[in-house]
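Let's take a walk through this structure together, one part at a time. Keep the 3D view open as you read.

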Amino acid sequence: MIRPHRSHSLWYAFLLHRLSGIGLALFLPIHFYMLALALTDPAQLDGFLAFTDLLIVKCAEFGLVFLLAVHMFGGLRLMALEFLPWSPRQKTYAATAVALAFFISTSFFLQAM
Amino acid sequence: MLTLRLYMAQRLTALIMAPLTIGHLAVMIYAVQGGLSVAEILARTQGSLAWFLFYGSFVLAVSVHAAIGIRVILYEWLGVKGVMLAGLSWSLCALLLGLGGRAVWAVTFAGAGA
Amino acid sequence: MSGSEQFLDVSIWREQDGDGHFQQFAVPRRDNQTILDVVAWVQQQRDPTLSYRFACRVGMCGSCAMMVNGAPRWTCRTHVQKVAEDNHLQIAPLRNLPVIKDLAVDMDPFFDKWVAADAVFEPSQTRHDPMAPIDPQDPMRVAASEAIECINCAVCYAACDVVAANPDYLGPAALNRSWSLLNDSRDAGQAERLKAVSGEGGCHNCHAQQSCARYCPNELNPTVSISGLKRATAKSVFSWGK
């Protein structure tokens, strides 16, 4: 899958953007369904929210927040690449996007603890 | 595959969502402190036109954005084409619109006063 | 064939009538040896039926590109020392193009896309008009200059995953040429050009993986050109009313 011509950081940035997008698209229907329980079955939603107190679920949430943040920062990087004057620092921007996403998801994780 | 029209829809929805996502991330980091509960969520959102517009436009934009993105991936990685590709993309758009709209309605104006 | 230090372990793709496999050769190692030297040695010393394409041998003609250890390279200017892994070389025909025989690919789909991308100069004047003055400092001319040193070797086309996934995609080289013409003030076909790069296989399919820029032997950056086309076509959406 990772063939020699792909082993460079901007190709990995593409892969991360694509995989995070797929992850979010799969997560969203579940997210929406759970939220709608606030109307139809609040007790069940409260039960689920209590379940999110488990450490393992918090780790999964950390992952979801990371996916959202990295997809957003990665997307901003792509739109800057397309619509702003070209910068030769593409790898730096890709790394910055990942770093910011990691920072935000870690902040979330620490607040959730 | 991605024509100018789909590309513009993809980028415009992305631009709309960038500030919404930052807002959503901030709310999450704030709200998750001390755990979440239905009462706490509803206290924030119920009857609020601002939250309805915030999350309503988020749902509209993400339905279009995700459908176009998944359409490209279905084509490039799984070789889905033609009617099947159009059908799956539109279905995802409709699913996200339907479930997302219902969720936004549930936490804002549905059962107001409850 | 003892003393593996002096010999390269080379596998070369052999294909005829759609039936292909790698064949092993032990090739004497030389100082400053290029990949093209290796292929030529095999053809001259071991198997005269080996087919491959080259012409200038000095990095100008763009004929000799091949996949070397999985990455596209201009073989006449790629030193064995730079790309050999543990004395091993795997040499295959360029990716994303149909093989004619062995290492020679059919370049027709590649050049057909140059035409499809309207990467062809459309004159706005005739030979009877005076010479058009072009200021070398003009921003459009500067943008065109950055994109014009392409030697049509198809290394970028072979490096591109979007080309591999989407047979309609025009590819980095054709779009790069389209962009250089879009910045040519003498060209009269800009509206058609923007339309040509906006279809099912147009510039908007680029995912900015930037493998084209990474492997371009002349250090051009087709991603910059494709981004320019994306901007120009997006701008044209908002100027329809004008």
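What follows starts with the meeting of chains A and B, then turns to chain C and its sheet, and ends where chain C meets chain A.

Before we set off, keep in mind that this is a predicted model.

Start with chains A and B. Here 30 residues of chain A are in contact with 30 residues of chain B. On the chain A side, four helices each put in at least two residues: α1 (9–40), α2 (42–51), α3 (55–83) and α4 (90–112). The biggest giver is α1(A), with 12 residues. What kinds of residues does chain A bring to this meeting with chain B? Sorted by class, they come out as 22 nonpolar, five polar and three charged.

Now zoom in on individual helix pairs. Two packed helices are described by the angle between their axes and the distance between the axes. Take α3(A) and helix α1 of chain B, which covers residues 4–31: their axes come within 10 Å and cross at roughly 145 degrees. As α3(A) passes α1(B), the crossing is left-handed. If you'd like to find the spot, look on α3(A) for V65(A), L68(A), A69(A), M72(A), G75(A), L76(A) and M79(A). Facing them from α1(B) are R11(B), A14(B), A18(B), T21(B), L25(B) and M28(B). Put both sides of this contact of α3(A) with α1(B) together and you get 10 nonpolar residues, two polar and one charged.

Helix α1(B) has a second partner to look at. With α4(A), the axes are 8 Å apart and the packing angle is about 25 degrees. Angles under 35 degrees count as roughly parallel, so α4(A) is roughly parallel to α1(B). The residues that meet here are I104(A), S107(A), F108(A) and Q111(A) from α4(A), and L25(B), M28(B) and I29(B) from α1(B). You may recognise L25(B) and M28(B), which also take part in the contact with α3(A). The contact of α4(A) with α1(B) is made of five nonpolar residues and two polar ones, with no charged residue.

Next, swing the view over to chain C. Its domain assignment gives domain 1 (4–105) and domain 2 (108–238). How far apart do the C-alpha centres of these two domains lie? The distance is 30 Å. The domains do touch: 15 residues of domain 1 of chain C are in contact with 14 residues of domain 2 of chain C. On the domain 1 side, the strands β3 (65–68) and β4 (71–74) each supply at least two residues, and β4(C) gives the most, with four. By class, that side of domain 1 has nine nonpolar, three polar and three charged residues.

Those two strands also belong to a sheet. It is an open one, with five strands of chain C in the order β2-β1-β5-β3-β4 and mixed pairing. Which strands stand at the edges? They are β2 (19–28) and β4 of chain C; each has a single partner strand, so one side of each is left without a neighbour in the sheet. From one strand to the next, the twist averages 30 degrees.

Strand β1 of chain C (residues 7–16) is a good one to follow. With β2(C) it runs antiparallel, joined by 10 bridges. With β5 of chain C (residues 88–92) it runs parallel, and four bridges join the pair. V10(C) shows both relations: it stands opposite F25(C) in β2(C), and its bridge partner in β5(C) is L89(C). Likewise, I12(C) has I91(C) as its bridge partner in β5(C). Have a look at the turn of the hairpin of β1(C) and β2(C) too: there are two residues between the strands, and D17(C) takes a positive phi near 50 degrees.

Finally, see how chain C meets chain A. This contact takes 16 residues from chain C and 14 from chain A. On the chain C side, the elements giving two or more residues are β4, α9 (211–215) and α10 (222–238). Here α10(C) gives the most, with four residues. The side of chain C that touches chain A has six nonpolar, seven polar and three charged residues. So what does β4(C) do across the tour? This strand stands at an edge of the sheet, supplies residues to the side of domain 1 that touches domain 2, and gives residues to the side that touches chain A.

Terms used
Residues numbered from 1 in each chain as written. Chains lettered and ligands numbered in written order. Predicted model: local features only at pLDDT ≥ 70, side-chain atom pairs only at ≥ 80, totals over all residues. Contact = placed C-beta atoms within 7 Å. Nonpolar A, V, L, I, M, F, W, Y, C, P; charged D, E, K, R; others polar. Domains from an automatic or database assignment. Axes fitted to C-alpha atoms, helices over the stretch in contact; angles between N-to-C directions. Left-handed = near helix turned anticlockwise from the far one by under 90°. Pairing = 2+ DSSP bridges. Parallel < 35°, antiparallel > 145°, perpendicular 65-115°, else oblique.
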